[in-house]
Amino acid sequence: MGVLAGAEAFSSGAAAGAGTAGAPAVLLCHGFTGSPQGLRGWAQDLAAAGLSVCLPRLPGHGTSWQEMARTGWADWLGALEAELEQLRSRGHRVVVGGLSMGGGLALRLAADHPADVAGLVLVNPAVRLEDPRLAALPLLRRLGLLGRPGRERTAPAVGGDVAKPGAVELAYDRVPLRAAASMVEGLRGVARDLPLVHQPLVLLRSAADHVVPASSSALVLERVGSADVREEVLERSYHVATLDHDAARVSAATLDLVGRL
């Protein structure tokens, strides 16, 4: 699979939208096995409103699942930290938004860089994953049971959970288990450190999500240290709400938070 549609417009880390030093900027994080394509409409809405927007393609994503198998949580987080540093170096106040695993990465940035992240917008954030098979992946990886380069073990795809007819998420058709194991370990750390997150936060969750359990959003709302927390329930969308019936609500909630900040 080649570079996915939408990735090139935002993968370089260059901000879209004019923006000025000291003005708000938004850093958006896509999900596991996905690409910037799933968040492109969100980014374009914010850029059209005059915000600077950065939507990078995470390492190993948007190319092939075989390449993704050679990456992990540290690579994905490191790429976002580099973009955050660039935006801050230009004097922007940065709101970080994320879908699914991107929401977990956004929370990690907020906990690790409290002075650099001004607010959070989380869409169906993946912090708690209830499938017991996922819980075993880190141990299996340490035992060398998840394959090796050229012989990676995989699982069925997790992308494409969209209710809107005709809406398609471009994501891998297989999940490399070594990368999944790294994600699980990273998200465990996020769950542990939720009390370190103190930024204003908006969480949008779909009433019907076939990928991330409702308990994941509940955990975030219960454990974050933020005093300003708002929740919206998206009644008409599935997991990839940024491509679904409620996509406009995601953009509106982001603009509302930026305005309040």
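**Exercise 1. Decide whether Ser237 is buried or exposed, and find what surrounds it.**

Step 1: Ser237 has 1% relative accessibility, so it counts as buried (buried is under 20% relative accessible area, exposed over 50%, partly exposed in between, with a 1.4 Å probe and protein chains only). Bear in mind that this is a predicted model, where local features need pLDDT of at least 70 and side-chain atom pairs count only at pLDDT 80 or more, while totals for chains, interfaces and linings use all residues. Residues are numbered from 1 along each chain as its sequence is written, and side-chain values use heavy atoms, with hydrogens and water left out.

Step 2: Place it. Ser237 sits in the loop between E8 and H10 (helices are DSSP runs of H or I with at least four residues, strands are E runs of at least two, both numbered from the N terminus).

Step 3: Look for a polar partner. The Ser237 side chain reaches the backbone nitrogen of His245 at 3.4 Å (a polar contact is a pair of N or O atoms within 3.5 Å; within protein, one must be able to donate a hydrogen and the other to accept it, and residues adjacent in sequence count only if both atoms are side-chain atoms).

Step 4: List the neighbours. Skipping residues up to four places away in sequence, Ser237 touches Ser206, Ala207, Ala208, Asp244, His245 and Asp246 (contact means heavy atoms within 4.5 Å).

**Exercise 2. Do the same for Asn124: which backbone oxygen does its side chain reach?**

Step 1: Asn124 belongs to the loop between strand E4 (117-123) and helix H6 (132-135).

Step 2: Its relative accessibility is 2%, so Asn124 is buried.

Step 3: The Asn124 side chain reaches the backbone oxygen of His239 at 2.8 Å.

Step 4: Beyond neighbours within four places in sequence, Asn124 is in contact with several residues, including Ser100, Leu204, Asp209 and Tyr238.

**Exercise 3. Work out how H4 and H5 cross, and which residues make the contact.**

Step 1: The axes of H4 (residues 73-89) and H5 (residues 101-112) come within 10 Å and cross at roughly 60° (axes are lines fitted to C-alpha atoms, for helices over the stretch in contact, and angles run from 0 to 180 degrees between N-to-C directions).

Step 2: The two helices are therefore oblique to each other (under 35 degrees counts as roughly parallel, over 145 as roughly antiparallel, 65 to 115 as roughly perpendicular, and the rest as oblique).

Step 3: On the H4 side you'll find Trp73, Trp76, Leu77, Leu80, Glu81 and Leu84, and on the H5 side Met101, Gly104, Leu105, Arg108, Leu109 and Asp112. An α-helix has 3.6 residues a turn, so residues three or four places apart point the same way.

**Exercise 4. Repeat this for H2 and H10: at roughly what angle do their axes cross?**

Step 1: H2 (residues 40-48) and H10 (residues 247-260) have axes that come within 9 Å and cross at roughly 45°.

Step 2: H2 and H10 are therefore oblique too.

Step 3: Trp42, Asp45 and Leu46 of H2 meet Val250, Ser251, Thr254 and Leu255 of H10.

**Exercise 5. Is Ala227 buried or exposed?**

Step 1: Find Ala227 in the loop between H9 and strand E8 (229-234).

Step 2: Its relative accessible area is 83%, so Ala227 is exposed.

Step 3: His198 is 29 residues from Ala227 along the chain, yet their C-alpha atoms are 6.9 Å apart.
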